[in-house]
Amino acid sequence: MAKYKFKKESKEPSDEFIRSKMDFNKILKNQQVISNYKQATKPLYKNRFFMGFMILLGVICLVIIFEERDPQEATVKPNKDSIVVDTLKK
Amino acid sequence: METKHQTISEIEAEWALVQKAQKDPALFAPLYTKHFKPIFLFIFRRISEEELAGDITALVFSKALYNLHQYNYRGLPFSAWLYRIALNEIQGYYRQSKKERVVSFSSEALGMLSQDIREEENAQEQEEREQQLLQSLEELSEEEMVYIELRFFEGRSFKEIADIQQVTENNAKVKTYRIIERLRKILIRK
């Protein structure tokens with residue numbers, strides 16, 4: 001199959017026809033339709049609110065994890081003073 | 001041919017209109033009115049269907065308006081950006097439809113291309129040579145054909161070609177002459 005279709009001296013549409021195709025209101029509407037479509041099909045990771053919520057959730061999880069870890073660390077690693085007090089008590 | 005070289009003050013005045021339109025889409029109307037016909041004809045020459053050319057032109061302007069907030073002034077005419085969107089839409093249309101890509105030209109334009117390729121032109125063999133030339137054009141890639149169309153069939157300056165193709169003026173010249181050289185070699189081979 002040929003790649004190109006050559007048209008020699010093809011007649012161009014009249015100015016009236018071209019003017020009849022001009023419709024700025026349609027362009028404004030189309031732009032709104034494209035905008036709505038892009039908004040509806042926007043991936044979640046590009047959603048500012050969703051990402052904000054995920055970051056907040058991450059921060060809360062980290063806080064909870066560290067809150068739970070702190071008492072454990074205290075029991076595992078007793079400091080020198082507490083060891084001295086314990087031996088004196090005995 | 002509707003091509004006209006814009007001065008820097010004209011380009012800057014147009015940029016001021018674009019900035020207004022970026023704030024309020026309704027102010028895009030003067031730019032739409034100014035560029036509708038050149039963009040329509042640009043598409044029509046590559047599609048050759050009036051109604052379809054109208055639809056694609058509407059799509060080009062809708063996409064331009066939707067992406068207008070991303071447009072940045074780089075010293076180029078606003079029309080170069082519109083032609084770029086139009087070229088993308090045309091390529092998208094041919095990719096989907098799998099039809100033969102239409103290339104429109106006048107006899108005069110083809111004669112000019114023929115002269116550029118072969119210095120000595122014999123009037124008797126002109127028709128035969130034009131046929132050979134058309135066969136040679138078949139071997140060009142889509143991008144190479146765009147350069148030939150812009151330069152020879154639409155008579156655009158290298159500056160305009162560079163603006164549309166987003167290359168330097170020098171690069172546009174080099175690419176065009178390389179394509180001419182390639183066409184010359186194909187013709188010799190035939």
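This is a short dialogue on how chain A and chain B meet in a predicted model.

Me: What should I know before I start reading?

Reply: Residues are numbered from 1 along each chain as its sequence is written, and chains are lettered from A in the order in which they are written. As this is a predicted model, local features need pLDDT of at least 70, side-chain atom pairs count only at pLDDT 80 or more, totals for chains, interfaces and linings use all residues, and side-chain values use heavy atoms, with hydrogens and water left out.

Me: How many residues of each chain are in contact?

Reply: Contact means heavy atoms within 4.5 Å. Here 28 residues of chain A touch 42 residues of chain B.

Me: How much area do the two chains bury between them?

Reply: Buried area is the accessible area (1.4 Å probe) that two parts lose on being put together, summed over both. For this pair it is about 3,300 Å², with 64% on carbon and sulfur atoms. Y4(A), F6(A) and F24(A) supply 21% of what chain A buries against chain B, more than any other three residues.

Me: How many salt bridges are there between the chains?

Reply: Look for a side-chain nitrogen of Lys or Arg within 4 Å of a carboxyl oxygen of Asp or Glu. There are four between chain A and chain B, including one that joins R45(B) and E12(A) at 2.9 Å, N to O.

Me: Which strands pair across the chains?

Reply: Strands are DSSP runs of E, at least two residues, numbered from the N terminus, and two strands pair if DSSP finds at least two bridges between them. Strand 1 of chain A runs parallel to strand 1 of chain B (residues 101–105), over five bridges. Within that pairing, K5(A) has V102(B) as its bridge partner.

Methods
Helix = DSSP H or I, 4+ residues; strand = E, 2+ residues; numbered from the N terminus.
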